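Let's take a walk through a protein chain together, starting with the overall layout and then zooming in on a few spots. Have a look at the model first.

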Amino acid sequence: MTDYDALAARVAALTEGEEDNIAKMATVACELFHSDARFDWVGFYRVTAPNLLKIGPYQGGHGCLVIPFDKGVCGAAARTGETQLVDDVDAFPGHIACASSTKSEIVLPVWDRDGVLLGVLDIDSDQPSAFTKSDAAFLENLMMKTFCSAKRA
């Protein structure tokens, strides 16, 4: 299980003073991917046009390149602005299978300090029911602290 306090401290230290969101996404994806054996794929899909996500920094095998807001778990998170906690991806209507090994998934919307949707954080697992509400709460807080915090001096 992930030591969330240590992970949050590493991410904060590594991103302190960084204003470039893609650099922060790359750092977060790397730290998350290597923090927990449940995490088979970790990455961001960025909003690049109205109702359209494109792959951003990630760790793991190849991801889907483009995801419309009306498709899949990532699209649902972007469209609704709510975290999607999916125990069984095969049971999720419209799930996009970027990797056949994915059994469960958690996807969170990522906002900037002005309330603009930057994209979504997508974490896949090759284990069913791999994610909990505690995972969601930690990740939501991590995204808020990393991408919504006021400028640091």
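Before reading the layout, one term: helices here are DSSP runs of at least four residues and strands are runs of at least two, both numbered from the N terminus. Keep in mind that this is a predicted model.

**The whole chain**

There are four helices and six strands in the protein chain. Going from the N terminus, you meet them in the order α-α-β-β-β-α-β-β-β-α. The radius of gyration is 14 Å, close to the 15 Å that the globule rule gives for 153 residues, so the chain is as compact as a globular protein of that length. Its C-alpha atoms fit a box of roughly 45 × 35 × 25 Å along the principal axes. Of the 153 residues, 44% are buried. Now look at contacts with a separation of 6 or more: 51% of them link residues 24 or more positions apart.

**Two helices side by side**

How do you describe two packed helices? By the angle between their axes and the distance between those axes. For helix H2 (residues 21-33) and helix H4 (residues 133-147), the angle is about 150° and the axes are 11 Å apart. That makes H2 roughly antiparallel to H4, because angles over 145 degrees count that way. The crossing of H2 past H4 is right-handed.

Which residues do the touching? On the H2 side they are Asn21, Lys24, Met25, Val28 and Leu32, and they meet Leu139, Leu142, Met143, Thr146 and Phe147 of H4. Sorted by class, this contact has seven nonpolar, two polar and one charged residues.

**A helix tucked inside**

Next comes helix H3. Seven of its nine residues are buried, so H3 is largely enclosed by the rest of the structure. The buried ones are Gly72, Val73, Cys74, Gly75, Ala76, Ala77 and Ala78. What covers them includes strands E1 (41-49), E2 (52-59), E3, E4 (84-86), E5 (104-111) and E6 (117-125).

Just ahead of this helix you'll find Phe69, in the loop between strand E3 (66-68) and helix H3 (72-80). Is Phe69 buried or exposed? It counts as buried, because its relative accessibility is 11% and the cut-off for buried is under 20%. Leaving aside neighbours within four places in sequence, Phe69 is in contact with Val47, Asn51, Leu52, Leu53, Gly75, Ala76, Ala78, Arg79 and Leu117. Compare Phe69 with Thr80, too: they are eleven residues apart in sequence, and their C-alpha atoms are 9.1 Å apart in space.

**Positive phi angles**

Most residues other than glycine have a negative phi. That background helps with the last stop. After H3 comes Gly81, with a positive phi near 75°. Asn51 also has a positive phi, though it is a residue other than glycine, and so does Ser129, again not a glycine. Here are those two side by side:

| Residue | Phi | Loop | Relative accessibility |
|---|---|---|---|
| Asn51 | near 60° | between E1 and E2 | 53% |
| Ser129 | about 50° | between E6 and H4 | 46% |

At 53%, Asn51 counts as exposed, whereas Ser129 at 46% counts as partly exposed. You have already met Asn51, by the way: it was among the contacts of the buried Phe69.

Technical notes
Residues numbered from 1 in each chain as written. Predicted model: local features only at pLDDT ≥ 70, side-chain atom pairs only at ≥ 80, totals over all residues. Heavy atoms only, no water. Axes fitted to C-alpha atoms, helices over the stretch in contact; angles between N-to-C directions. Parallel < 35°, antiparallel > 145°, perpendicular 65-115°, else oblique. Left-handed = near helix turned anticlockwise from the far one by under 90°. Contact = heavy atoms within 4.5 Å. Nonpolar A, V, L, I, M, F, W, Y, C, P; charged D, E, K, R; others polar. Rg over C-alpha atoms; globule rule 2.2 N^0.38 Å. Buried < 20%, exposed > 50% of the residue type's maximum accessible area, 1.4 Å probe, protein only.
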